[in-house]
Amino acid sequence: MKKRPAILILLILALFVATAIPIHALAGVPLDTVKSNVNGLLDVLRDPKLQGEAGKKVKAAKIETAADKLFDYVELSKRTLGLNWNKFSADQRKEFVELYRTILKDAYVDKITSYTNEQVNFTKEVLLSETTVEVQSVIISKSGQTPIYYRVMKKGADWKVYDVVIEGVSLISNYRTQFREILANNPPGKVIETLRTKVGKK
């Protein structure tokens, strides 16, 4: 009989903790959003009607639209440059975002294309902060499992990806290091020049 009060206290505490968790963490909105957008992108990549030269332009346009729904390229740019973002003028920031958008989209699509015929499972959400969540997924193939984690941020009513971690490697981490090295001894224009070269705009 003496154990009942302790059990009641534990139940009350459990109820309090459950109600204290932010609603969006329980609702699964970030996971559902990422899952829907990634599946939409995979549908485009898998569409047999868009294979070959005939569907090349249509496919490219659909991939771009699907990727734009998934990623927040401005946030990706800010997080990659860090404090160096403040060194860029408004025009330089705009061009950087556009060029970087092309590089990141192509890098992600190239990586995900190799898994288009595999099973993709979205497993869970991990709350990182009040406005950021990591949506975890795993690609299951005959050779094993490949984890892909999408880090998303709340922007208005939407959830947008600001980084992707593929097999433990951040999509933007390598570029962050490269840009820091360039900006250590050069003005922002040098970074933009480098990006122009990478996307073939020079």
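In the predicted model, strand 3 (residues 144–155) and strand 4 (residues 158–166) are paired in the antiparallel sense, with eight bridges between them. Within this pairing, Met-153 has Lys-160 of strand 4 as its bridge partner. Helix 6 (residues 90–113) packs on the sheet, where it touches strand 2 (132–141), strand 3 and strand 4, and the direction of helix 6 makes about 145° with that of strand 3.

The sheet as a whole is open and consists of five strands in the order 1-2-3-4-5, with antiparallel pairing. Strand 1 (119–127) and strand 5 (169–170) stand at the edges, and because each has a single partner strand, one side of each is left without a neighbour in the sheet. In general, the strands of a sheet are paired through backbone hydrogen bonds, in either a parallel or an antiparallel manner. Strand 1 and strand 2 are likewise antiparallel and pair over eight bridges, and among the residues involved, Lys-124 has Gln-136 of strand 2 as its bridge partner. The connection from strand 1 to strand 2 is a hairpin through four residues.

Ser-129 is located in the loop between strand 1 and strand 2. With a relative accessible area of 30%, Ser-129 is classed as partly exposed, because this value falls between the limits of 20% for buried and 50% for exposed residues. The side chain of Ser-129 is joined to that of Thr-132 by a polar contact of 2.6 Å. Ser-129 can also be related to strand 3 through Met-153, the residue bridged to Lys-160: the C-alpha atoms of Ser-129 and Met-153 are separated by 9.3 Å, although the two residues are 24 residues apart along the chain.

The chain as a whole comprises eight helices and five strands, and from the N terminus on, these elements follow the order α-α-α-α-α-α-β-β-β-β-β-α-α. Of the 202 residues in the chain, 38% are buried. Among contacts with a separation of 6 or more, 52% are between residues 24 or more positions apart.

A second loop of interest, between helix 4 (56–70) and helix 5 (73–81), contains Asp-72. Asp-72 has a relative accessible area of 13% and is therefore buried, since this value is under 20%. The side chain of Asp-72 reaches the backbone nitrogen of Glu-75 at 3.0 Å, and it is also joined to the side chain of Lys-155 by a polar contact of 2.6 Å. When residues up to four places away in sequence are not counted, Asp-72 touches Lys-155, Lys-160 and Val-161. Of these, Lys-160 is the residue in strand 4 that serves as the bridge partner of Met-153.

The largest pocket of the model has a volume of about 240 Å³. Residues lining this pocket include Leu-45, Lys-56, Lys-59, Ala-60, Ala-61, Ile-63 and Glu-64, together with Lys-105, Asp-106, Val-109, Asp-110 and Thr-113. Helix 4 and helix 6 are the elements that give two or more residues to the lining, and the largest share, six residues, comes from helix 4. Helix 4 thus borders the loop that holds Asp-72 and also contributes to the largest pocket, while helix 6 both packs on the sheet and takes part in the lining of the largest pocket.

Conventions. Residues numbered from 1 in each chain as written. Predicted model: local features only at pLDDT ≥ 70, side-chain atom pairs only at ≥ 80, totals over all residues. Heavy atoms only, no water. Buried < 20%, exposed > 50% of the residue type's maximum accessible area, 1.4 Å probe, protein only. Polar contact = N/O pair within 3.5 Å; in protein donor to acceptor, adjacent residues only side chain to side chain. Contact = heavy atoms within 4.5 Å. Pairing = 2+ DSSP bridges. Axes fitted to C-alpha atoms, helices over the stretch in contact; angles between N-to-C directions. 1 Å grid on protein atoms, 1.4 Å probe; cavity = no way out; pocket = protein on both sides within 12 Å on 5 of 7 lines; lining within 4 Å. Points joined across faces, edges and corners; volume = space filled by probe spheres on them.
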